[in-house]
Each structure stands twice: as C-alpha cells, then as structure tokens.
Amino acid sequence: MENELEGPQPGKLLISEPFLYDPNFKRSVILLCEHHDKGDLGFILNKPLENIFLHDVVEMQNGKDIPVYFGGPVQQNTLHFLHREPDLIESSQCITEGLYWGGNFDLVKLKLDSGEYDPANFRFFIGYSGWGETQLQEEVDQHSWIVTSVKVGDIFQPDLSFLWRSLLKRMGGKFRIYANSPENPQYN
C-alpha cells in the first residue's frame, strides 16, 4: 500500500510524520470522521488512557474493563464511540463500509452491561481532534500527515499501541523507513 496522496476525507487515516513533536499527536493515527469546508474532526486511535475504563466515565452495572482512548485535545468533556454494529445501533453515522460513529449511547451502555454486545466491536474516546477550515489540508500539504485508507480490522485490534508503526511498515517504501525511525533523531 503506497501513500494515496489524496486529501483528507471521512474514512481516511491520518498518520503523523515521525518527527511531529506535538505531544497530542506524536506518532498518532487518526481516523477522520468529518471533512467539510468548516473544518475536520477525527479520533486518535492509538492512545489508550492509562487506567481509565468506560465504567470510570459513565455509570455501568457490570463495571467491565472496556478501555477508553484519548480522542484528541478538543472538548475533553465529551465521549464518542466507533463501532461495527450498524444493525443494532440506530442513529449511527457511516464513516466507511463496516465502520460507524455514534448512535444511541443509552442502548449501547445497556447492551454492553447485559453482555448482549461484544465490547471488542467498540472503541470509546474522550475528546476529539479538530481542525478549522483549511487547517488540516495545510498540515497535509506541509507533510505533517500521511493520508491513507483505513482497514476496519485495524481499528478493532486488541492492542493498538503498535498501530502507527505497523501501518507505515505495511505501506512500504520510504514509509517502512519512517516506521523504524527513533522517536528522537539525536538517538540515531
């Protein structure tokens, strides 16, 4: 898979360049969910919050250890979710085939509590990543982000800590070299 050199659009992944040092986005993979002339919105996929689970954020009967991820630095008082259960969750927004955003959260919480829904089909995020009007396109043009297609299975892996590296390796070419670059070039 080579970099598609497309602009940002819903259902695309934004992979940070190896030397993007913003602590919010360093070595991050973002799923872009909205793209329009007023701005862009997405969720960082590979930054689970340490020791914070869904039952810590919302009241749940079972207290299952469902991880919550840092979606981004914007509106960290909000909870969002991605899933692959469109037939079970009304009001979901299709991001790409097999991947949906949001829907009836009360139903999701109830069905997760009762064990009717498999937590492996969900990803929960506190906050989101957002860009104003042309900001994201400008960052892509400055090579801060690599834009590529999403494989839904990548999002629902049990361990996303290696997602940044594995996506770059899979892309091959110069991206394979990026995947092996040290976090601090002075250590090279």
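**W131**

I began with W131, which at 7% relative accessibility counts as buried, and I note at once that the model I am reading is a predicted one. W131 lies in strand 9, which covers residues 122–132. When I looked up what W131 touches, leaving aside residues up to four places away in sequence, I found L14, I30, L32, K38, G39, D40, L41, G42, L136, E139 and W145. I also checked W131 against F175, and these two are 44 residues apart in sequence and 25 Å apart in space, C-alpha to C-alpha.

**I66**

My next entry concerns I66, which I found in the loop between helix 1 and strand 5, the latter spanning 67–70. Is I66 buried or exposed? With a relative accessible area of 3%, I66 is buried, because the cut-off for that word is under 20%. Not counting residues up to four places away in sequence, I66 touches F53, L54, L112, P119 and F124. I then looked up I66 and A120, which are 54 residues apart in sequence and 8.6 Å apart in space, C-alpha to C-alpha.

**D56**

From that loop I went back to helix 1, residues 54–57, where D56 lies. D56 has a relative accessible area of 47% and is partly exposed. For this residue I looked up V68 as a partner, and D56 and V68 are 12 residues apart in sequence and 9.2 Å apart in space, C-alpha to C-alpha.

**Strands 1 and 10**

I looked next at strand 1, residues 12–16, which is joined to strand 10 by 5 bridges, with the two strands running antiparallel. Within this pairing I noted that L13 stands opposite T148 in strand 10. How many of the 5 residues of strand 10 are buried? In strand 10, residues 145–149, 4 of the 5 residues are buried, so the strand is largely enclosed by the rest of the structure.

**The loop after strand 1**

Two residues of the loop between strand 1 and strand 2 went into the notebook. One is R27, found in that loop ahead of strand 2 at 29–36; its phi is near 50°, a positive value in a residue other than glycine. R27 counts as buried, at 10% relative accessibility. The other is N24, which lies in the loop between strand 1 and strand 2 and counts as partly exposed, at 26% relative accessibility. Which residues does N24 touch, not counting those up to four places away in sequence? N24 touches I44, K47, F70 and P73. I also compared the positions of N24 and G71, which are 47 residues apart in sequence and 9.5 Å apart in space, C-alpha to C-alpha.

**N51**

A positive phi in a residue other than glycine turned up again at N51, where the value is near 55°. N51 lies in strand 4, residues 48–53, and at 67% relative accessibility N51 counts as exposed.

**Strands 7 and 8**

I then turned to strand 7, residues 93–96, and strand 8, residues 99–101, which run antiparallel and are joined by 3 bridges. Strand 7 and strand 8 form a hairpin with 2 residues between them. In the turn of this hairpin, G98 has a positive phi of about 85°, and T96 stands opposite L99 in strand 8.

**The chain as a whole**

I closed with values for the whole protein chain, which has 6 helices and 10 strands. Along its principal axes the C-alpha trace spans about 50 × 40 × 30 Å. What radius of gyration would a compact globule of 188 residues have? Such a globule would have one near 16 Å, and the 17 Å of the protein chain agrees with this.

Buried residues make up 45% of the 188 residues, and the protein chain exposes about 9600 Å², of which carbon and sulfur atoms supply 47%. Among contacts between residues at least 6 apart in sequence, I noted that 62% join residues at least 24 apart. My last look was at the charges, where the mean positions of the 16 positive and 27 negative charges of the protein chain are 8 Å apart.

Methods
Residues numbered from 1 in each chain as written. Predicted model: local features only at pLDDT ≥ 70, side-chain atom pairs only at ≥ 80, totals over all residues. Heavy atoms only, no water. Helix = DSSP H or I, 4+ residues; strand = E, 2+ residues; numbered from the N terminus. Rg over C-alpha atoms; globule rule 2.2 N^0.38 Å. Buried < 20%, exposed > 50% of the residue type's maximum accessible area, 1.4 Å probe, protein only. Contact = heavy atoms within 4.5 Å. Areas by Shrake-Rupley, 256 points an atom, 1.4 Å probe, with all protein chains shown as cover. Lys, Arg positive; Asp, Glu negative; His and termini not counted. Charge placed at Lys NZ, Arg CZ, Asp CG, Glu CD. Pairing = 2+ DSSP bridges.
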